Amino acid sequence: MNCYSFCRLPPYTPEPLAPVYAFIGATGKNTAPLTVLSSGTDLALPEFQVFSQGITANPAGTALLIQIPGVYRLAYYISTVAPTLASSRITVNGSEVDATVLTSSTPRTQYALEAFLYLGTGDSLSLQLFHETPESVALQHGVGATLSLEKIG
């Protein structure tokens, strides 16, 4: 085998990519009961927020703003004080993401879901509760709701 100049190149060591992630939540302690509407009610998650470069939140804590496009692992958890027939979902730019909708025919107090989704630069992501008829829902004290994202591709 003939060896040309490429045989003497140093071994390639890729630089590690910086992780892109976000974790936001509400304790339920400082939040008044929400009026859940059929159009959806964004959950405000301002009480604890951890972000990497590439994701920010709006001032109200109701939306995450994506600055680095890619495939993300999304997970959310909601805990209510009393059982409710409300459903939960994630919206992107105001539109429901089918893979994130969690409904129930019986009242529940716990909502947990994980999904994988491509998000583009400038996408706005919100966690919502919704119900056919207006309903008052209070978040559980402690960890009332969380939303986490991790870029995986």
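Q: When do two strands count as paired, the notion needed to place I90 opposite its partner in β11?
A: Two strands pair if DSSP finds at least two bridges between them. In this predicted model, β8 and β11 (residues 124–130) pair in the antiparallel sense over six bridges. Across from I90 in β11 stands L127.

Q: Is strand β8 buried or exposed?
A: Side chains in a regular strand alternate between the two faces of the sheet. In β8, S87, R89 and T91 point one way, while S88, I90 and V92 point the other way. Buried means under 20% relative accessible area. Six of the six residues of β8 (residues 87–92) meet that, so the strand is largely enclosed by the rest of the structure and counts as buried.

Q: Which residue in the turn between β8 and β9 has a positive phi?
A: β8 and β9 (residues 95–96) pair in the antiparallel sense over two bridges. T91 has E96 as its bridge partner in β9. The two strands form a hairpin with two residues between them. The turn residue with a positive phi, about 55°, is N93.

Q: Over which ring does R89 lie?
A: R89 is one of the buried residues of β8. Its position is over the face of an aromatic ring, at 4.0 Å from the ring centre. That ring belongs to F130.

Q: Which strands are the edges of the open sheet of five strands?
A: The order is β4-β1-β13-β7-β10, with antiparallel pairing. An edge strand here pairs on one side only. The edges are β4 (48–51) and β10 (108–119).

Q: What is the bridge partner of I78 in β13?
A: β7 (residues 70–84) and β13 (residues 145–151) pair in the antiparallel sense. Seven bridges link the two strands. In β13, the partner of I78 is A145.

Q: How is the one aromatic pair arranged?
A: A pair of aromatic rings is described by the distance of the centres and the angle of the planes. For F23 and F48, the centres are 5.6 Å apart and the planes are at 25°. Planes under 30 degrees apart count as stacked. The pair of F23 and F48 is therefore stacked.

Q: How many residues apart in sequence are the parts that F23 and F48 tie together?
A: F23 is partly exposed at 34% relative accessible area, and F48 is partly exposed at 24%. F23 lies in β1 (residues 21–26) and F48 in β4. The pair therefore ties together parts separated in sequence by 25 residues.

Notes: Residues numbered from 1 in each chain as written. Predicted model: local features only at pLDDT ≥ 70, side-chain atom pairs only at ≥ 80, totals over all residues. Heavy atoms only, no water. Helix = DSSP H or I, 4+ residues; strand = E, 2+ residues; numbered from the N terminus. Buried < 20%, exposed > 50% of the residue type's maximum accessible area, 1.4 Å probe, protein only. Phe/Tyr/Trp six-rings, centres within 6.5 Å; stacked < 30°, edge-to-face > 60°. Lys NZ or Arg CZ within 6 Å of the ring centre and 35° of its normal.
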